[in-house]
Protein chains: 4
Amino acid sequence: MKFLTGCTLDYWIPGLSTFVFNVTANETTHQRVLSERLRLEPEAAPEEFVSESGNRYHRFSLSGGYLRLRYDAEVESVPSLETPESVGACAPNDVPLATLPYLLPSRYCQSDQLMRLAYREFDRYPRGYEQVNAICNWIYANVDYLAGTTTPLTSAFDTATARAGVCRDFAHLGIAFCRAINIPARFVSGYAYTLQPPDFHAVFEAWLGDRWYVFDPTRRIVPENLVRIGVGRDAADVSFALIFGPAQMTGMTVYAEAAEPISGPAHTSRSSAAVCSA
Amino acid sequence: MKFLTGCTLDYWIPGLSTFVFNVTANETTHQRVLSERLRLEPEAAPEEFVSESGNRYHRFSLSGGYLRLRYDAEVESVPSLETPESVGACAPNDVPLATLPYLLPSRYCQSDQLMRLAYREFDRYPRGYEQVNAICNWIYANVDYLAGTTTPLTSAFDTATARAGVCRDFAHLGIAFCRAINIPARFVSGYAYTLQPPDFHAVFEAWLGDRWYVFDPTRRIVPENLVRIGVGRDAADVSFALIFGPAQMTGMTVYAEAAEPISGPAHTSRSSAAVCSA
Amino acid sequence: MKFLTGCTLDYWIPGLSTFVFNVTANETTHQRVLSERLRLEPEAAPEEFVSESGNRYHRFSLSGGYLRLRYDAEVESVPSLETPESVGACAPNDVPLATLPYLLPSRYCQSDQLMRLAYREFDRYPRGYEQVNAICNWIYANVDYLAGTTTPLTSAFDTATARAGVCRDFAHLGIAFCRAINIPARFVSGYAYTLQPPDFHAVFEAWLGDRWYVFDPTRRIVPENLVRIGVGRDAADVSFALIFGPAQMTGMTVYAEAAEPISGPAHTSRSSAAVCSA
Amino acid sequence: MKFLTGCTLDYWIPGLSTFVFNVTANETTHQRVLSERLRLEPEAAPEEFVSESGNRYHRFSLSGGYLRLRYDAEVESVPSLETPESVGACAPNDVPLATLPYLLPSRYCQSDQLMRLAYREFDRYPRGYEQVNAICNWIYANVDYLAGTTTPLTSAFDTATARAGVCRDFAHLGIAFCRAINIPARFVSGYAYTLQPPDFHAVFEAWLGDRWYVFDPTRRIVPENLVRIGVGRDAADVSFALIFGPAQMTGMTVYAEAAEPISGPAHTSRSSAAVCSA
């Protein structure tokens, strides 16, 4: 599938501010950036940094005035769709050691505080895709999707009890539950085709068998419709804009469209396939 | 039923310390203190204070040395046993206004943070005894009774997620859930016949219909076997010993025996009656 | 001093809701309600309850529609003004036992978690008025008064670290610090002459010598200018409106005016007297 | 300086457990492992993984019985000692982008919740070594070093208020404060010559100028005396033993000795140099 996607971000900068943006689609085995354009007004030449996990960060500083960032891209996504039944587990002894950090608790995913809860709720499921799917079902059934109920400081520990949040909170809770039962899990940010209202989206990936599979516990999109931006331990690693200084956001628009007709039911109904796009 | 009960508490006092003990059985419609003796070594003449809710507090100060408090009592308990089906709810409009504080969040019972969780889990049950019983069943099924997993700072918010604790934590969670769905609930401390190992015990009461009913979500005793010491918003109100100063506890024994043969199965099996002893 | 004060509160009621209002000025040794009028539209006959500490609560239920509560009162306040130097401490052994609950941690005043911090910062001051004044100075110096930074769930533990809040948060932190160093303290809600913008206000009282003294760590009013509504362990006890049901507030105005010319500098500058109005 | 250092770790393994140890000294520009031996009883061939930041992890699984790990090494450390006055700051625009993660909040270092506190306390100091030194002085002055007051779940947010902890907690708080004022900071685990009682130690590093400098806010060792094991965002990344399964530790000894006479006062007194050993 080919998508046209991007965003416009506006800021007012009362004094020296350093920006680190993470809004550009990344390249993976299953995702290719066919063309893209990152424009800054006023013009600036951001420094690009590609992290070990492939995220692309753009950094620059401005001492005042207005800033508009505009990003437009055409991205082709060819995720691998597999039969859920065929996706097994991966024991801690077999997890690639580079994946180890995704088994550890992180700022917004306190798996160390959720071990008993996760064990009680999810240990009874067969390990593998079905177990992570049970986690997503639990979150969908027990947490209300409600804009405005949480803040950037809200974490999985809060959501496990408060039971309300947005996509970021749903992803954090899914990650924390996975790690609590020894499944590596990570945060994925992206542009999401069919998401209403349009916005940056957050889902998570779990390491099963020998690769990452995408899960969206909000059920607001099918994983095939995600244009990937970045991955990280949690939202802290992939803020679309990390700002050092007094800059304030004054506007934001996000879009994701199909670049060609999409056939089949996948784009509107819940996916029945295990999706790997990493 | 008549019980012989009491405790011995030992302290080392390196410097001026004020003690407020709450270890004496109180008098209620359903509980009578037949005889009792409170001894202090060295001798002291504690000031007694009976709170609005009937708790008896004993206060005195010592500037050093060792302290032994010994309390022995014979207490008759004649709880009212009712049919659970006959115990209905009490709407917020009908709750006696003096009971209002027991609808509010307190230090260890943050009902304001547990409203969605409580609503999701318990709103579907018929209001009244059955709903509170469902709360107790949930706690029993989802929280591990494990000494050493919690501290005096542990609260219902923690336990809702950490899923382990002792009688005090179970009571706090029961109280918080009740208040979250608008049922007045309070903490009850006491001596507990058949509790193993012997210790001070904590249960909770919910206001249903027109009176308080006792619940023990740990299922470690039947409510009929409790000799009541005090009631409060949570454990903070009924510490067996509140100490201002550097005194350190060096020993504690607690006992509760039947003063006469107890017939029937009530003392060993789970009660099927709704118990009011307040 | 005589004040004209009151409020108008508007609600939309989509379904059966029970209200418990605590907006009426109370009577104390130092405060007299000369005249007052509590009106409800539609008309209702609220049940009045006067708590042990003198708060007046008004309860009633409505099954739908709009509600307007309007309260107007003329209140005379004759606080006792004393020399701070003359106000000494009160040891835990001498605190009236009925005041004991105000030494305990409560929902929003977790004094049990702030003991080391309070001891480190405030133990060095002479016990009595000066020590509580040092607490207020610390809060004023270290916490930003910023509307919108906190929620009804914010507690003293949060504010001790987050360092921003509103009057309610300032009062909670003052109370928690006092209790942590064994000074009874309680929350006071009221109408505040000269407060800008007009709103309900919150301050706290500490038990020193043999009575309660008022402190406002926000320094936004002088304590003499407070028309007292209620006292409690913390904000939970004196919500101006406790609502059981789906009612939503749609508007609120609060006012507090001088009923007669006020002479002297007291109403504009920071008070130098120890003020008792309980 | 040359050190002889190592540890013995004993476990009882009731069922299949996977271990990931991080106890081996790492190699840096300033630290060289002259010789080392890692022995396991029963014998096992652990898989070694060297992380991007140079930590060496050893993984293997056992299905039951006892395990003893013994590690002994001779390590040469030649830290760079610089004049504190010469160590300046590094603005967010100049921080190497690979260092970016160390500016973000992590599980035990919630810099996002400590920004106002950090700004109030530390913004007034000159940026650079002196500012981080001020952070260490604050921690040393305001937090009690007390074994047994914290648990593996304790975080910088807790310690900022609770004001007690051990080396791990001191390091977490130092890291959180640094990040809150935009200084990259990371956790460093190690063996510590002269530490009493002998144990694994934790300190932190801050990125100043163009490199990492070591700080120990506990003041229990001089940074020159640390044999480095690993670095990470916080303690989660460098647990000496990460265990998946039911294994229980039954014993631990740690040692660190000088392999040759050490001259000068550096090993006993507080260092006056800025130390870089990364």
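**Exercise 1. An aspartate and its partners**

Which side chain does the side chain of Asp237(B) make a polar contact with, and what else surrounds Asp237(B)?

*Solution.*
Step 1. Start with the side chain: in this predicted model, Asp237(B) makes a polar contact with the side chain of Arg233(C), at 2.9 Å.

Step 2. Now look inside chain B. The Asp237(B) side chain also reaches the backbone nitrogen of Arg233(B), again at 2.9 Å.

Step 3. Widen the view to contacts, skipping neighbours within four places in sequence. You'll find Tyr57(B), Gly232(B), Leu104(C) and Arg233(C).

Step 4. Place the residue on the chain: Asp237(B) sits in the loop between β13 (226–232) and β14 (241–244) of chain B.

**Exercise 2. Buried or exposed?**

Is Asp237(B) buried or exposed, and how far is it from Asn55(B) in sequence and in space?

*Solution.*
Step 1. Take the relative accessible area of Asp237(B), which is 11%.

Step 2. Compare that with the cut-off: buried means under 20%. So Asp237(B) counts as buried, at 11%.

Step 3. For the distance, count along the chain and then go through space. Asp237(B) and Asn55(B) are 182 residues apart in sequence, yet their C-alpha atoms are 9.5 Å apart.

**Exercise 3. Checking a helix with a ruler**

What should helix α2 of chain A span, and what is the distance between its end C-alpha atoms?

*Solution.*
Step 1. Helix α2 of chain A covers residues 129–142, which makes 14 residues.

Step 2. Use 1.5 Å times one less than the number of residues. That gives an expected span of 20 Å.

Step 3. Check the ends: the end C-alpha atoms are 20 Å apart, so the two values agree.

Step 4. Finally, see which residues are tucked away. The buried ones in α2(A) include Tyr129(A), Val132(A), Ile135(A), Trp138(A) and Asn142(A).

**Exercise 4. Where chain B touches chain A**

How many residues of each chain are in contact, and which three residues of chain B supply 44% of the area it buries against chain A?

*Solution.*
Step 1. Count the residues: 19 of chain B are in contact with 19 of chain A.

Step 2. Get the area. About 1500 Å² is buried between the two chains, with carbon and sulfur atoms giving 45%.

Step 3. Find the big contributors on chain B: Arg116(B), Arg120(B) and Thr161(B) supply 44% of the area that chain B buries there, more than any other three residues.

Step 4. Look for charges. The rule finds four salt bridges across this interface. Arg120(B) and Asp144(A) meet in a salt bridge at 2.3 Å, N to O.

How values were computed: Residues are numbered from 1 along each chain as its sequence is written. Chains are lettered from A and ligands numbered from 1 in the order in which they are written. This is a predicted model: local features need pLDDT of at least 70, side-chain atom pairs count only at pLDDT 80 or more; totals for chains, interfaces and linings use all residues. Side-chain values use heavy atoms; hydrogens and water are left out. Helices (H or I, at least four residues) and strands (E, at least two) are DSSP runs, numbered from the N terminus. Buried means under 20% relative accessible area, exposed over 50%, partly exposed in between (1.4 Å probe, protein chains only). Contact means heavy atoms within 4.5 Å. A polar contact is a pair of N or O atoms within 3.5 Å; within protein, one must be able to donate a hydrogen and the other to accept it, and residues adjacent in sequence count only if both atoms are side-chain atoms. Buried area is the accessible area (1.4 Å probe) that two parts lose on being put together, summed over both. A salt bridge is a side-chain nitrogen of Lys or Arg within 4 Å of a carboxyl oxygen of Asp or Glu.
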